[in-house]
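Reader: I am new to reading protein structures, and I would like to go through this one step by step. Could you show it to me and begin with its core?

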Amino acid sequence: MDKCYRHPDRPGIYFCQKDGNRMCEECACCHSPNIYCQHRSACVINMLTKQGELTSCAEKLIEERQKHDEKISV
Ligand SMILES: [Zn+2]
């Protein structure tokens, strides 16, 4: 199986048809949810994000910043 484009040690279980990237569960999110995506109707990532199965990119960014801040304050 192809690997996540950011994590070569993880399987890329989600495939973004627009960007052509395979992503692991942590990385999977629609990178341009407000821009028209010709694959949107067939995009598994977009669908799962809407259903609440995946965290949106915006939420992921917030979480990453919070983790980062925690590290600094420790
Ligand atoms: Zn990943």
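Reader: Which residues make up the largest nonpolar core of this chain?

Author: This is a predicted model, so what follows describes computed coordinates. The largest nonpolar core in it has 10 residues. In sequence order, they are Cys4, Cys16, Met23, Cys27, Ala28, Cys29, Cys30, Cys43, Ile45 and Leu54.

Reader: Is cysteine 29 buried or exposed, and how many C-beta neighbours does it have inside 10 Å?

Author: Cysteine 29 sits in the loop between strand E2, residues 21-23, and helix H1, residues 44-50. A residue is called buried when 20 or more other C-beta atoms lie within 10 Å of its own. Cysteine 29 therefore counts as buried, because its C-beta neighbours inside that distance number 22.

Reader: Which residues does cysteine 29 touch, if those up to four places away in sequence are not counted?

Author: One partner is cysteine 57, which is 28 residues apart from cysteine 29 along the chain, although their C-alpha atoms are separated by 5.3 Å. Two other partners, Ile45 and Leu54, belong to the largest nonpolar core together with cysteine 29. The full list of residues touched is Ile45, Thr49, Leu54, Thr55, Ser56, Cys57 and Lys60.

Reader: What pattern do the helices and strands follow along the sequence?

Author: The protein chain contains 2 helices and 2 strands. Strand E1 covers residues 14-16, strand E2 covers residues 21-23 and helix H1 covers residues 44-50, while helix H2 covers residues 57-73. Read along the sequence, the pattern is β-β-α-α.

Reader: How far apart are the end C-alpha atoms of helix H2, and what span should its 17 residues have?

Author: Helix H2 is hardly covered, with a count of 0 buried residues among its 17 residues. The expected span is 1.5 Å times one less than the number of residues, so the 17 residues of H2 should span 24 Å. The end C-alpha atoms agree with this, since they are apart by 24 Å.

Reader: Where is tyrosine 5, and which residues does it touch beyond four places away in sequence?

Author: Tyrosine 5 is found in the segment before E1, and it counts as partly exposed because it has 15 C-beta neighbours inside 10 Å. Asparagine 21, in strand E2, is 16 residues apart from tyrosine 5 in sequence, yet 6.2 Å apart in space from C-alpha to C-alpha. Asparagine 21 is also partly exposed, as 18 other C-beta atoms lie within 10 Å. With neighbours up to four places away left out, tyrosine 5 touches Gly12, Asn21, Arg22 and Met23.

Reader: How far is proline 11 from cysteine 24 in space, C-alpha to C-alpha?

Author: Proline 11 lies in the segment before strand E1, and it is partly exposed, with 14 other C-beta atoms within 10 Å. In sequence, proline 11 and cysteine 24 are 13 residues apart. In space, their C-alpha atoms are apart by 6.1 Å.

Reader: Which helix or strand has the lowest confidence, and which has the highest?

Author: The protein chain averages a pLDDT of 83, and 85% of the residues score at least 70. Where pLDDT is low, the predicted coordinates should not be read in detail. Confidence is lowest, at a mean of 83, in H1, and highest, at 91, in E2.

Note on methods: Residues are numbered from 1 along each chain as its sequence is written. This is a predicted model: local features need pLDDT of at least 70, side-chain atom pairs count only at pLDDT 80 or more; totals for chains, interfaces and linings use all residues. A residue is buried if 20 or more other C-beta atoms lie within 10 Å of its own, exposed if 12 or fewer, and partly exposed in between; C-beta atoms are placed from the backbone. Two residues are in contact if their C-beta atoms, placed from the backbone, lie within 7 Å. A nonpolar core is a set of buried Ala, Val, Leu, Ile, Met, Phe, Trp, Tyr and Cys residues joined through C-beta atoms within 7 Å. pLDDT is the predictor's confidence in each residue, from 0 to 100.
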